[in-house]
Amino acid sequence: MEPESGSGDERLPVGTVVNGSYRITGSLGVGAMGTVYRAEDVERRTPVALKVLHGFLATDKEASARFRREAFVGVRLVHQNCVPVIDFGAMPDGSFFLALELVSGESLGDVLQREGRLPWRRALHIARHVLRGLDHAHREAIVHRDIKPDNIILTRHDGDADFARILDFGIAKLVDAHSHAITRAGMSVGTPSYLSPEQAVGGVIDARCDLYSLSIVVYEMLTGKTPFGDLEPRRRLYAHAAAPVPTFAEVAPGVDVPADVEALVNAGLAKAPAERLATAAEYLEKIEALLQPEPEPTAPPATPVAAPAPRVRRGGGRVARLALALACVVVCLVGAGALAVLRPWRRGAPPAAPVAVAPQDAAPAAPEVTAALDALEHGKTCKARRAAVARLQALDDPRAIPHLEKARIRPVAGKNANACLTAAADAAIARLSAVRAPE
């Protein structure tokens, strides 16, 4: 007979079956509230993360309420950027357990500890995943209240190595337009470095407190530090409420971040909620605009400058007539070229797929490059377009770079239909940037 679970006080040995449903296969970590185990759903034979409340907290009403809240909230969060709760139950000693989807990956906190600050495009890419999860939660009237790097896990999904998902809704609040949660002065809930002013010193709690906390996370990803992290915890709380946010240059001299990105973060860090970004959807829209590929610099059309006419006393009329005749020849030749380009379109032929324009002394794009570019733009599925990215990388033609940059984002119904190929496109761009352009 398999051993049955006992007290949540003690580490459960491998092989223990919890609630007759989940067999412990290993330990994932221990926290103040409980232990998280790797387990297997006995019936479905699928891996899960099992969060077990410490036995000595079984009679703690606040701890038990937090566990129940996380279970109640978690089952409502059916979104790819949130980690859902699968099951909830009681242990024999009266403590509780949560079964959650087991996600393979690394917390953003661990990434920042290892790498320090991140490139601004990568930071905003991670932030937009979190914003999608928050937008879903806020639409369900759920405010997380503890957004921080340790509650964001980065996993690989559909080719995206930085696919972010939100963890731990244990101190989340349910709010709606008619019933706002109130934090009393002196009663802060959350992590001091990431608390909104209204959480720090008391005030109405709504979705905008999550946006403030996320802005602190973005600030940290870009500079390697939180804005008030050097202060002791109590002074840190009041700094969130009253102190101006240090500029990026003050906390990270030499940091290379566009001014528009810093301005967006500051908009999320406004002290008064009414002056802050209002919704996760609005925040996400502004990030998407900043992540649009920069347009290629194009040289302005050359302005023809007439050579100074020779100064002649006689025969000037003949020179002028000769110059006019030459100008007519040039115009005719240019017009003939334009008609040659336009003639297939006038016959009803579809316009050719865009192809990188090579200098006049460069070789034309190979047919296989043209075919791959056409597949990148017109592929019916993201999988097909990702295959085109791989072909372009293998063909080693740097003229594909502008098309790859453009293909990183393909807005469809408010989402990026090319999200599955973003990482592959970045790798291809890096590869092709190192290749010498064909002559």
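Let me begin with one residue pair: Ala90 stands opposite Phe96 in strand S6, and S6 (residues 96-101) pairs with S5 in the antiparallel sense over 5 bridges, where two strands pair if DSSP finds at least two bridges between them. Before going on, I should say that this is a predicted model, in which local features need pLDDT of at least 70 and side-chain atom pairs count only at pLDDT 80 or more, while totals for chains, interfaces and linings use all residues. Residues are numbered from 1 along each chain as its sequence is written, and side-chain values use heavy atoms, with hydrogens and water left out.

The elements I name are DSSP runs numbered from the N terminus, helices being H or I with at least four residues and strands being E with at least two. S5 and S6 belong to an open sheet of 6 strands, ordered S1-S2-S3-S4-S6-S5, with antiparallel pairing. Strand S1 (17-18) and strand S5 (85-90) stand at its edges, each with a single partner strand, so one side of each has no neighbour in the sheet.

Helix H1 lies across strand S4 (47-53), S5 and S6, and runs at about 30° to S6; here axes are lines fitted to C-alpha atoms, for helices over the stretch in contact, and angles run from 0 to 180 degrees between N-to-C directions. Within H1 (residues 61-74) we find Ser64, which at 5% relative accessibility counts as buried, that is, under 20% relative accessible area, as against over 50% for exposed and in between for partly exposed, with a 1.4 Å probe and protein chains only. Leaving aside neighbours within four places in sequence, Ser64 is in contact with Leu53, Leu57, Ala58 and Phe96, contact meaning heavy atoms within 4.5 Å, and this brings us back to the Phe96 that stands opposite Ala90.

A second open sheet has 3 strands in the order S7-S9-S10, again with antiparallel pairing, and its edge strands are S7 (106-107) and S10 (160-166), each pairing on one side only. Strand S9 (residues 152-157) pairs with S10 over 5 bridges, and Leu154 stands opposite Ala164 in S10.

Finally, the helices: H3 (residues 120-139) and H5 (residues 207-223) pack at an angle of about 165°, with their axes 10 Å apart. They are therefore roughly antiparallel to each other, a class for angles over 145 degrees, where under 35 is roughly parallel, 65 to 115 roughly perpendicular and the rest oblique. Residues making the contact include Trp120, Leu124 and His138 of H3 and Asp210, Leu214 and Met221 of H5.
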